[in-house]
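Reader: I'm new to this one and a bit lost. Please pick a single part, take me through it slowly, and then show me how the charged side chains pair up elsewhere.

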Amino acid sequence: MRINKFISHNTNYSRREADELIKQGKVTLNNRVVSDMSVSVGEDDKVKINGRFVKLKKDFTMIVYHKQKGELVTKKDDRGRKTIYDNLPHGFSKFVSIGRLDYASEGLLLLTDAPAIATALMNSDIEREYYLKVKGEITEEVKTAMREGFFAADASKGAHTKSKIISMQFAPFLAFDIFGSSGGYTKLRVMINEGKNRELRRFFGYFDLEVMDLKRVSFGRVELGTLKEGKWRYFANNEYEDLRDFLKTNKIYY
């Protein structure tokens, strides 16, 4: 593990902050000042910051947050828009999110103080469940795409204007239910097992269907339930147990 990643995993410093500490000569590895940021840390190595040992983190914390529309999932915004961290207690300022929900989306967001766990969950095939409202009707062509998946050479509709991702491979949905259409809009529930950049907005945008509302209601067996908008809670014991089983099965070290 690279030393900046080791520091961010086991302290409240970010990787950028760790890089800055190294530049300032404040980090030692086995009592030698670190000058090379690409150096790796092994199991028996001893890392110090300002002369104090960095202890391996043996535990972690997970929280569920009900993200509101009009909030960004980022630490800072150069346009001064509201972020989730403006609403969360200061003690969670160093927590990282497991994936993101865009500015106009809402619902369940997981956060943790263990970056390695965040990365593992983001890259996992754990199912994510959403409720959507789209402008237009779900045709048989769209249903087939949901069942079978497809590759879109141009998946820019529904993407952020500054996104550099153009093409996208859409995996088959795990499940979907269409609740009906009225007034030119269709409501549906979908379940997928990946979290690519604005994946659902791009998927439906490919068929000229604009996603008007998007709400994530579950991630694996963690459910939003009755948690109100803008509120948060710690993981329940059974949720921690499920997560530890996942980490053990996938040999994730944090």
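Author: Let's begin with a bit of vocabulary: two strands count as a pair if DSSP finds at least two bridges between them. Keep in mind, too, that what you're looking at is a predicted model.

Now for the part itself, a little sheet. Four strands make it up, running in the order β2-β1-β3-β4, and the sheet is open, with antiparallel pairing. At its edges sit β2 (32-33) and β4 (52-53), each of which pairs on one side only. Let's zoom in on the β4 edge. Its partner there is strand β3 (residues 47-49), and the two run antiparallel, joined over 2 bridges. If you want one contact to find by eye, go to isoleucine 49: its bridge partner is arginine 52, in β4.

On to the charged side chains. Searching the whole structure turns up 13 salt bridges. One of them joins lysine 69 to aspartate 213, with 2.5 Å between the closest N and O atoms. This one links distant parts of the chain, 144 residues apart: lysine 69 is in the loop between β5 (62-67) and α3 (84-87), while aspartate 213 is in strand β13 (residues 210-219). How open are these two? Lysine 69 counts as partly exposed because its relative accessibility is 41%, and aspartate 213 is partly exposed as well, at 26%.

Next, look at arginine 189 and glutamate 129, whose side chains meet in a salt bridge at 3.1 Å, N to O. Here again distant parts of the chain are linked: arginine 189 belongs to strand β12 (residues 185-192) and glutamate 129 to strand β8 (residues 128-135), 60 residues apart. Are these partners buried or exposed? Arginine 189 has a relative accessibility of 14%, so it counts as buried. Glutamate 129 also comes in at 14%, so it is buried too; the cut-off for that label is under 20%.

Here's one inside a helix. Glutamate 140 and lysine 143 form a salt bridge, their closest N and O atoms 3.3 Å apart. They are separated by about one helical turn because they sit 3 residues apart in helix α5 (residues 140-148). Glutamate 140 counts as exposed, with 51% relative accessibility. Salt bridges can also share partners, and that is how Asp102, Arg198 and Arg201 come to be joined into one network.

How values were computed. Residues numbered from 1 in each chain as written. Predicted model: local features only at pLDDT ≥ 70, side-chain atom pairs only at ≥ 80, totals over all residues. Heavy atoms only, no water. Salt bridge = Lys/Arg side-chain N within 4 Å of Asp/Glu carboxyl O. Buried < 20%, exposed > 50% of the residue type's maximum accessible area, 1.4 Å probe, protein only.
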